[in-house]
Amino acid sequence: MGPLACQPLLKSRQGRGSRAPRQGQPLHCTRRGDSCPLPVLTAATHTRSTAEHGDGRLALTDLSSGEPPAKAFVAAGAWLHSTHPLSLAGCQAWESGASPAKPPLKAAAAAASPPESERGPSARKRPGHDPHPGWATPPPPPPPWLLMPPARPPARRHSEEEKRSGIMAPGLQLASIDWLTPRNNQRHHTAEMGAQRLVVRRGQAFDLRLHFLARGYQPGVDAIYLIAETGPQPERQSGTRAVFLLGLGQPEGRGVWSAGYISSGPRSIDVAVLAPPGAPVGRYQLKTHLDSGHGQAASYLLGDFILLFNAWCPEDDVYLASDPERQEYVLSEDGILYQGNPDWIQPAPWNYGQFEEDVVDICLKLLDRNLNYRRNPAKDCSLRGSAVYISRVLSAIVNSNDDNGVLLGNWSEDYSGGVRPTQWSGSVAILRQWYGAGGQPVRYGQCWVFAAVMCTAVNCHQLSPAPETAPSGFLPGRNFHVWNECWMARRDLPVGYGGWQVLDATPQERSDGLYCCGPAPVAAIREGDVQHRYDAPFVFSMVNADRVAWLLSGARREKLHWDESSIGVHISTKRVGSQDREDITSNYKHTEGSVAERRAFLRALTARSGGEAAPAATGSAETRSSALAAGGGLAPPAPPAEAPLSLQLRLVESAELGQDLHLGLLARNLQGAPQEVKLSLSAQPVLHDGTPRPPFWQDTHYLSLRPREEKPLSWRITYGQYGQHLGEDRQVEVVAIAEESASWQKMLVEKTITMASPALAISVLAPVVEGRPFPLHVEFVNPLPEPVGGCVLLVEGGGLVKGQASIQLGTLQAQEKGGIKFQLTPYKSGPRQLHVTLTSSHFPPIKGWKRLEVAPHPGGS
């Protein structure tokens, strides 16, 4: 290949008394007669093609062929390890004709300084936060600082000796960079994401150490520009590219990318870099341009870093003032979900694992797989400074309905070809499987799995503190539902509607053409202000709908029961700093039946029926008023007439998997006359989505009741009758319908029962210390009155087990008790949560967990 010519995309400047080089004339860096160790490029005309090179890269042209070489920007593409500074020593000048060894950094001779359009910022106000859900609304105009050039450094003044000799000091040349990763990550609360990469938060400065050849940095003589870029097509106008000049002292101006010179050595300098609190999050590339005047300039690619949201920064939209809440919602890697039914709420532990080293890469990949990015990557990346936008994108990509997202939902009870939703105990295995399969959806998930993976994705981006357990509520059409909340400012909504926002990754209905939901402000849901985006009508209906029971007989249907208070009860989340459950129902709705509750309900009905204009941006809101109009109209139909008797259904004994189901019913005559009653009883399994299966048990009783008389009735359903019909949720619905013989009036009572599984007992047998094996013992039991084969014990936990360990147990005899002893070696210190799951094809997974405090390694990490 012939000599290379540079078409500088950075404007050229000539020194005093020097002539502009002719096209094709070599540019020489004078170092007191020594050969310059940097590649020397020949000068070219100052040609710029904004269509092809709008990002400011140096385009190199092979003069012999007229074609650009493969690497347009002459710089290292390799990652620079923070603890192994790399050097350019030994890189020979190209004039010598020697073939230079490949240096870790290559310098490209460039023109002296960026042109006006490429210079860094001076000052700007904080930009507005774009909450656009997709592409229907255009992004805001670029903030002023993107269009304003920085102040130029003062012209260099040469000494009298330099003027007399005509020999100028050598230009500043970069030798290596130290990212100071351990120190930076510790300060930015990202140390657990690994020591091999720089992961920092916007709105908080991080430090770099630049090492130079020949001489050190001289303020007033050298100008150092830094260029931060994100996305495949970085542009100043869209906020994905920033060029800024190194100043003196700590960087100032929190609304702008800036850098400050904080200390220096003989040939090094420490630089503090500050990303504005509204900058797009994601993976960034950092470059530098060194300008020493007189045409002595070079540009370098320094490497990559990851920028996250910052819950510690008051100017960030995800700022959370409470340190205990930051510890709970941002830094904790595990949590608790809640499942069951209103009478039996059970904790379900989950390992979120957002600080596992590869999880941050997978979650960044999630953003690049969303449909908006595929249609217009530049626009998508420019919107990633908005917490509203990122949360909405994540709620769509976690499910696979539109874009081959992470999880494929399955509510059919046929889980062949995948993993049962009840078997998952953590997000890490799911995300790694999705990534390892090239982005193919993982089989299978249901609402709590969608919500838990959503928690991991949100917390991995440190978007804003999402609850480490998603609230669970008992909602229409299902036994329970799990969704997420996320904390953020809502500058697109009226004052008071920031804070906790509802997000729901479970695919239920389309919103703006995609299966996603939220963010919807919890405060607006409580007040019935459903005209505010996003998807507030749907969320309001989830927690406020009424429940109507119908008796179906062929084409005929008869209303049996109307319940206004059983939906949206016991909305739960894990209490901050505790393992206890916190009921947050009052955050979503006023006390049932109160004046405030009725006022909020009527406000929602008025808004959805046309009394107030619905927001144009909520594309699917029209379809979501159906739950507010139960019974076919906006007002509920009149409830049935007062019943002549009452029925009370209860469990006589606790419902244990493998044991008989013992129930009792109390019938009371409310009339002053005797009654003859036909009592029809049935039991049927219920799927998680509320779908009833055919009854597996039925019985009929005839009762004669004297005036005001009470009569008890009890019965048993054996495991042999219900065992083979039980679903993954282990839920049975028992129904009693009483029919009075004189009036033929019917009444209904029902009860949903969740069969409890025996807990796994976990015992730790030695102190738990980072890096040291410790023994533990797990006790388990086969709950069924029959042998079961293929039993496996699954073990996982952030900081305790890398990935998921499995232990084959083989066959367990009927109701056999067993135990196993094994060792684990923790690789992280601090509070940890161990998850153990016993699986078999004969019964739903049985889970146990234990909190551990891992002591730091005595020698330090």
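Strands S35 and S36 pair in the antiparallel sense in this predicted model. Their pairing runs over 4 bridges. S36 spans residues 774-781. One bridge can be placed by residue: Val764 has Leu776 in S36 as its partner.

This pair belongs to an open sheet of 3 strands. The order is S35-S36-S39, with antiparallel pairing. S35 covers 761-764 and S39 covers 817-824. Both stand at the edges with a single partner strand each, so one side of each has no neighbour in the sheet. Neighbouring strands are turned against each other by 20 degrees on average, direction ignored. In general, the strands of a sheet are held in pairs by backbone hydrogen bonds, in a parallel or an antiparallel arrangement.

A further open sheet has 4 strands. Here the order reads S38-S37-S40-S41, and the pairing is again antiparallel. Strand S38 (801-812) and strand S41 (843-854) take the edge positions. Each has a single partner strand, so one side of each is left without a neighbour in the sheet. The average turn between neighbouring strands of this sheet is 15 degrees, direction ignored. Within it, S40 and S41 pair in the antiparallel sense over 10 bridges. Pro831 faces its opposite number, Glu853, in S41.

Strand S40 (830-840) also contributes to a pocket. This pocket is the second largest, with a volume of about 1100 Å³. Its lining counts 39 residues. The closest to the centre are Glu192, Glu333, Lys828, Ser829 and Arg832. S40 supplies at least two residues of the lining. Helix H3 (181-187) and helix H4 (323-331) each do likewise. By residue type, the lining divides into 7 nonpolar, 18 polar and 14 charged residues. As a general point, empty space is revealed by rolling a probe the size of a water molecule over the atoms.

Two helices elsewhere in the chain cross. They are H5 (residues 359-369) and H9 (residues 428-436). Their axes come within 10 Å and cross at roughly 55 degrees. Angles from 65 to 115 degrees count as roughly perpendicular and those under 35 as roughly parallel, so H5 is oblique to H9. The crossing of H5 and H9 is left-handed.

The backbone holds several local exceptions. As a rule, most peptide bonds are trans, and most residues other than glycine have a negative phi. The bond from Arg443 to Tyr444 is cis, with omega near 10 degrees. Tyr444 lies in strand S16, which spans residues 442-445. A cis peptide bond also joins Gly518 and Pro519, with omega about 5 degrees. Pro519 sits in the loop between strand S22 (514-515) and strand S23 (520-521). Arg708 departs in phi instead: the value is positive, about 65 degrees, although this residue is not a glycine. Arg708 is found in the loop between strand S31 (697-705) and strand S32 (710-717).

Key: Residues numbered from 1 in each chain as written. Predicted model: local features only at pLDDT ≥ 70, side-chain atom pairs only at ≥ 80, totals over all residues. Heavy atoms only, no water. Pairing = 2+ DSSP bridges. Axes fitted to C-alpha atoms, helices over the stretch in contact; angles between N-to-C directions. 1 Å grid on protein atoms, 1.4 Å probe; cavity = no way out; pocket = protein on both sides within 12 Å on 5 of 7 lines; lining within 4 Å. Points joined across faces, edges and corners; volume = space filled by probe spheres on them. Nonpolar A, V, L, I, M, F, W, Y, C, P; charged D, E, K, R; others polar. Parallel < 35°, antiparallel > 145°, perpendicular 65-115°, else oblique. Left-handed = near helix turned anticlockwise from the far one by under 90°.
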